[in-house]
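Please look at the sequence and the 3D structure below. The paragraphs after them go through the structure part by part.

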Amino acid sequence: MAEREREILKARLSAADLAKLERIGHPELDKFVAKYIELCEPDKALVSSDTPEEISFIRGEAIREGAERKLKIEGHTIHFENYDDQGRDKANTKILVSKMVDFGLDLNATDRTDAVAEVEGLMKGIMKGHTLFVRFYTLGPRNSVFSIPCVQLTDSAYVCHSEDLLYRNGYEEFTRLGREAKFLKFVHSQGELERGLTGAITKNIKLRRIYIDLDGQTVYSINTQYGGNTIGLKKLALRFAIQAADKEGWLAEHMFLMGVHGPKRRVTYFSGAYPSLCGKTSTSMMTGETIVGDDIAYLKIVDRQVRAVNVEKGMFGIIQGINSSDDPLIWKALHNPGDIIFSNVLAPEDGSVHWQGQDAPMPEKGINHSGDWTPEKKDKKDKKIPVSHPNARFTLALKLLSNLDPELDNPQGVELGGIIYGGRDSDTWAPVEESFDWTHGVITKGGSLESETTAATLGQEGVREFNPMANVDFLSIPIGKYIRNHLEFGARLQNPPKIFSVNYFLRDKQGNWLNQKTDKAVWLKWMELRVHGEVEAIKTPTGLIPKYEDLKSLFEQALKRDYSQVDYLKQFTIRVPESLAKIGRIQEIYKMIADTPPIISSVLAEQKERLLEARKKFGDYIAPEKF
Ligand code: SPV
Ligand code: MN
């Protein structure tokens, strides 16, 4: 270790902890740790080599610091953030670039030199009175072509606790790789804390900054506590992974990964990309299937097949709406002993928790994301404050779930049979539809994904937002390039996974939902059969849809429910005006995006032609039997 770094580190680290860094022996790592110790001035720093004692000590620190409180079920804790810090801060999350690039869409990029100077200025002395934790993790399974080593510096024991649940510990991997390790760097500080009813909360929300330095492969996150802003390995690392994937010819996606169980014990793996709050986690948790992951997957080509891994090993899931009938497996995990963090839900005095959409009577009072709470409490805009925040979450390791797929840690990943894209769409897409081929799927499904805004995000409800591959919030390369990479990826495959769309949010003209939450179990079974060519489909202008008889028997098998022809007709009628309007919107967007692959406009134009033809023959709303 260089003398200068040794001096700085010695002042804040125990001899044993210094030795942990020396065992890795990576000069860039030493420099990184020393630099931020010098700048942020924590009272002390701890290096963890991932022993159970260290991990349990840090977990205890989260409680001692006031970031978490114990609940009555063994292993459960509750954590709160500042009332204005309970979601991803898109405005203050910026990607730093040394040369301005035309990304096609506004990705909130800014000049690197100025932004680094700004954020480092704000970081001066920011950890005074705090302990800095130095932690090692890997994205993806260890010792695998998929894995990416990461170093997290944070003064939050809650962030460490969350990462211990969500990611594979990486100290061993760093010692194995030594100075060969090419790693991603994350530095986080909660900033100055305010102590109140909800614990130790970040005070200076106005100085919240989440800066992703693409050239420096470093993320700065300060004055925030919400996991999506602070847990470096989650969406912050995804920006780097997308860049690496772009350079190396693979895909880094906002996708679940699950095993769908077909006839004769066959398991077919699917990945699925949906914007936040569109049913991604609940799909991956369908009863009867097995989960590999619910949020981020890496896809690589091995022997001309797609193999995929879950980047994580835990779940940071939305808790709103989780109840014993719709999500029985999560519900069970949340009501049994185990290491679980609840955030921004209601904590009544008896040590239980309560959230919106739970099937239990609502408590009269308690402490929630807004502080002291009763059902009458209103916010500054005179709106009733719900019992829990719409983005309230639970964090747990997947091993707590009874439906965990055995392949989670397979360093080779799983072979992918199908890819699903889903958004919140009240009037256009059918509940499930297969694309004609890879290119058609990339362009008209993933690349045309839109989602209607919900009450969970700021701004107007029901506005359609373009969100290609549900990954737009995390892109770090030009959008045209990103889509092109998908097209080229498919061209290298012998037998590409089938691409499907799903829509759980279809309504009739009166605004009634056309599906029940559990219907997705049937769509999954149908897609599984399609991957193996075991069920026929109807060819419509927009894709391939199920036949009534097949769904009827799948509803019977999977849900023990009768499925009527009337329901089928409502759900699968081709809605020509809405489909044409959608193509129009998507065409307009791609026209404005530089470097759009020309095939996008021809595939969309062909789809439009097919719809116009059909309209001539059959009118605006066409029953599937017409095709
Ligand atoms: C999402 O919003 O898509 C999440 C949670 O998975 S966050 O970590 O905030 O991205
Ligand atoms: Mn997500």
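Strand β3 (residues 76-79) and strand β21 (residues 340-343) run parallel and are joined by 4 bridges. One residue pair to find here is His76 and its bridge partner in β21, Ile340. Keep in mind that the model is a predicted one. Both strands belong to an open sheet of 5 strands, with the order β2-β3-β21-β24-β20 and mixed pairing. Which strands stand at the edges of the sheet? They are β2 (69-70) and β20 (314-318). Each of these has a single partner strand, so one side of each is left without a neighbour in the sheet.

Another group of strands involves β15, β16 and β25. Strands β15 and β16 pair in the antiparallel sense, over 7 bridges. The two strands form a hairpin with 5 residues between them. In the turn of this hairpin sits Lys264, which has a positive phi of about 50°. Phe256 has Gly272 in β16 as its bridge partner. Strand β16 also pairs with strand β25 (residues 414-422), in this case in the parallel sense and over 5 bridges. Gly272 appears again in this pairing, where its bridge partner in β25 is Ile420. Gly272 can therefore be followed from one pairing to the next: it is the partner of Phe256, and it has Ile420 as a partner in β25. Is strand β16 mostly covered or mostly open? Strand β16 (residues 267-273) is mostly covered, since 6 of its 7 residues are buried.The manganese ion (ligand 2) is the next stop. Which residues are its protein donors? They are Lys235 through NZ, His254 through NE2 and Asp295 through OD, and they lie 2.2 to 2.3 Å from the ion. Along the sequence, the donor residues of the manganese ion (ligand 2) follow the spacing K-x18-H-x40-D. Lys235 lies in helix α9 (residues 232-248), while His254 is in the loop between β14 (251-253) and β15 (255-261), so this pair ties together parts that are 19 residues apart in sequence. Lys235 and His254 are both buried.

Ligand 1 also has Lys235, His254 and Asp295 among the residues around it. The other residues around ligand 1 are Arg88, Tyr226, Gly228, Lys234, Ser276, Phe316 and Arg393. By class, this shell has 5 charged, 3 polar and 2 nonpolar residues. An oxygen atom of ligand 1 is 2.7 Å from an N or O atom in the side chain of Tyr226. For the side chain of His254, the distance from an N or O atom to an oxygen atom of ligand 1 is 3.2 Å. For the side chain of Asp295, the distance from an N or O atom to an oxygen atom of ligand 1 is 3.2 Å. How much of the accessible area of ligand 1 does the protein cover? On its own, ligand 1 has 280 Å² of accessible area, and the protein covers 95% of it.

Two loop residues can be looked at for their backbone angles. Asp50 is not a glycine, yet it has a positive phi of about 70°. Asp50 is in the loop between β1 (44-47) and α4 (52-65). Its relative accessibility is 15%, so Asp50 counts as buried, the cut-off for buried being under 20%. Asn108 is not a glycine either, and it has a positive phi of about 55°. The loop that holds Asn108 runs between β4 (93-97) and β5 (109-111). Is Asn108 buried or partly exposed? Asn108 is partly exposed, because its relative accessible area is 22%.

The last two residues to find are in strands. Glu450 lies in strand β27 (residues 450-452). With 8% relative accessibility, Glu450 counts as buried. The side chains of Glu450 and Arg585 are joined by a polar contact of 2.8 Å. Ile545 is in strand β31 (residues 544-545). Ile545 is buried, and its relative accessible area is 0%. Along the chain, Ile545 and Val472 are 73 residues apart, and their C-alpha atoms are separated by 27 Å.

Key. Residues are numbered from 1 along each chain as its sequence is written. Chains are lettered from A and ligands numbered from 1 in the order in which they are written. This is a predicted model: local features need pLDDT of at least 70, side-chain atom pairs count only at pLDDT 80 or more; totals for chains, interfaces and linings use all residues. Side-chain values use heavy atoms; hydrogens and water are left out. Donors are N, O and S atoms within 2.8 Å of the metal (3.2 Å for Na, K and Ca); water is not among the atoms, so sites may look incomplete. Buried means under 20% relative accessible area, exposed over 50%, partly exposed in between (1.4 Å probe, protein chains only). A residue is near a molecule or strand if one of its heavy atoms lies within 4 Å of it. A polar contact is a pair of N or O atoms within 3.5 Å; within protein, one must be able to donate a hydrogen and the other to accept it, and residues adjacent in sequence count only if both atoms are side-chain atoms. Accessible areas come from the Shrake-Rupley method with a 1.4 Å probe; for residues, only the protein chains shown count as cover. Ala, Val, Leu, Ile, Met, Phe, Trp, Tyr, Cys and Pro count as nonpolar, Asp, Glu, Lys and Arg as charged, and the others, Gly among them, as polar. Two strands pair if DSSP finds at least two bridges between them.
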